[in-house]
Amino acid sequence: MAAAAESSESGSRLSSSQLIKDETFCNEEDCPKQASSIRGSGSRNTSPSGRVGSRNTSPSRQKVVKTKPRGLDEETISTFGKAVHPDVQMEDSIWAMLPEDLLNEILARVPPFMIFRLRSVCKRWNSILQDSSFLKFHSELPSHGPCLLTFWKNLQTPQCSVFSLPLKTWYKIPLSFLPQWAFWLVGSSGGLVCFSGLDGLIFKALVCNPLTQTWRILPSMHCNQQRQLIMVVDRTDKSFKVIATSDIYGDKSLPTEVYDSKIDKWTLHQIMPAVNLCSSKMAYCDSRLYLETLSPLGLMMYQLDSGYWEHIPAKFPRSLLDGYLVAGTQKRLFLVGRIGLYSTLQSMRIWELDHAKFTWVEISRMPPKYFRALLRLSAERFECFGQDNLICFTSWNQGKGLIYDVDKKVWSWIAGCALQSYNSQVCFYEPRFDASVH
């Protein structure tokens, strides 16, 4: 059994220069024009009137900007009022005596990616990630907000970029602390990221926290074969589980295996009944794992608590070309896919599963202008994934990304260097310092 491991380059030694701004979030209407090339970057508006938070140098009209830095909704309110007096000089002797608990509470409210810049201020702030009081405050506060994590390889060297939706900024995160064997992205949950791959001829999985650069290799499974994996984190007891289903080559004789970080081992469960899967994509919702099946038609559901599989006869909509299962909040399960046999009649639609009637109910359609910009060809490939009622679409050929907010019914474009690689993998990511791999 492989022992838990930590990088010699721990999170406390991560320098501020290693987290570098990459690209910007483009405007909803401008993105299709700006992202026509896979390597195109977002444009920068340098005019004072077009830049949020710019200073108004007029002495009689001072622009005051209030921002809400945490959370998905970055709310900006601009008002004009009386002239603002010059900033008062802050006394070093006073601020240097700020109580420790108050300082930790203030820093815990700073977006995670900004912490690394602040660590260069002094030795006291540089050791903040090892401070239990800071981590306690950080864990009790609301999440920074969703991010997109992209993973690809450049000349066999792992590369990782994270796009912060609240800050609308790309950041590069080094992965040099991970072991040097062939691995690929499995997914992310609760601040942790899971990878799997081959170390020689042995199939392995590892879990890491990219912010703190801590990681561990999971013990070997009972069956040494490449498996479809999915990771789920339980923040209440600070543990995580990894579920291994069928073999990626379709071997249906393998038992389902579940790794539990609390006992640090894999346990064997029921073999998935003989079905023909129509996709390797899985969705985890309300302690249940869902997969799409063609025969019998519908869904296979794995109950994590009981360890048993069950078939759900939820027939797919007619003329569905490709479908993705996406997990939402509060037991919501979505199906996303294209409808229509001909390119001129195709459309992208979103359905929600009615758990009582086992039917798919259409809840939204992608506007035609977004569909034509995202997929210019009828056979063009796209990827789809979600988190907390946010659904993200990415197009390999166009190098674009589109996000749909199910609750607000709002579509918005994303673009940048993280979508520049043809073989890049993307998932939602929640940056957290308190997410532990142990």
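# Notebook: a walk through a predicted model

**Entry 1: Gln387.** I began with the contacts of one residue. Leaving out residues up to four places away in sequence, I find that Gln387 touches Pro146, Ala327, Phe428 and Tyr429. I am working from a predicted model. Next I looked up where the residue sits: Gln387 lies in strand E23. I also checked its spacing to Gly328. The two are 59 residues apart in sequence. In space, C-alpha to C-alpha, Gln387 and Gly328 are 6.0 Å apart.

**Entry 2: the sheet that holds E23.** I followed E23 into its sheet. The sheet is open and has 4 strands, in the order E23-E24-E25-E26. Their pairing is antiparallel. Which strands stand at the edges? They are E23 (382-387) and E26 (410-414). Each has a single partner strand, so one side of each is left without a neighbour in the sheet. I noted the turn between neighbouring strands too: 20° on average, direction ignored.

**Entry 3: E25 and E26.** I then took one pair from this sheet. Strand E25 covers residues 400-405 and pairs with E26 in the antiparallel sense. How many bridges does the pairing span? I count 5 bridges for E25 and E26. Asp405 stands opposite Val410 in E26. The two strands form a hairpin with 4 residues between them. In this hairpin, Lys409 takes a positive phi near 55°.

**Entry 4: another sheet.** I moved to the strands E11 to E14. Here 4 strands form an open sheet in the order E11-E12-E13-E14, with antiparallel pairing. The edges belong to E11 (227-234) and E14 (265-271). Each of these has a single partner strand, so one side of each lacks a neighbour in the sheet. From one strand to the next, the twist averages 20°. I looked at E11 and its partner E12 (residues 239-247): 7 bridges join them, and they run antiparallel. Within this pair, Val232 stands opposite Lys241 in E12.

**Entry 5: two helices.** For a packed pair I want the angle between the axes and the distance between the axes. I chose helix H3 (residues 100-108) and helix H6 (residues 132-140). Their axes are 8 Å apart, at an angle of about 45°. That makes H3 oblique to H6. The crossing of H3 past H6 is right-handed. What makes the contact? From H3 I list Asp101, Asn104, Glu105, Leu107 and Ala108. From H6 I list Ser133, Phe134, Phe137 and His138. Sorted by class, the contact of H3 with H6 has 4 nonpolar, 3 polar and 2 charged residues.

**Entry 6: confidence.** Last, I looked up the pLDDT. The chain averages 77, and 74% of the residues score at least 70. Where in the chain is confidence lowest, and where highest? It is lowest in strand E3 (residues 76-81), at a mean of 32. It is highest in strand E22 (residues 359-365), at 96. Over residues 1-84 the pLDDT is below 50. Beyond near neighbours in sequence, that stretch has 165 contacts in the model. I keep a caution beside this entry. Where pLDDT is low, the predicted coordinates should not be read in detail.

Notes
Residues numbered from 1 in each chain as written. Predicted model: local features only at pLDDT ≥ 70, side-chain atom pairs only at ≥ 80, totals over all residues. Heavy atoms only, no water. Pairing = 2+ DSSP bridges. Axes fitted to C-alpha atoms, helices over the stretch in contact; angles between N-to-C directions. pLDDT = per-residue confidence, 0-100. Contact = heavy atoms within 4.5 Å. Parallel < 35°, antiparallel > 145°, perpendicular 65-115°, else oblique. Left-handed = near helix turned anticlockwise from the far one by under 90°. Nonpolar A, V, L, I, M, F, W, Y, C, P; charged D, E, K, R; others polar.
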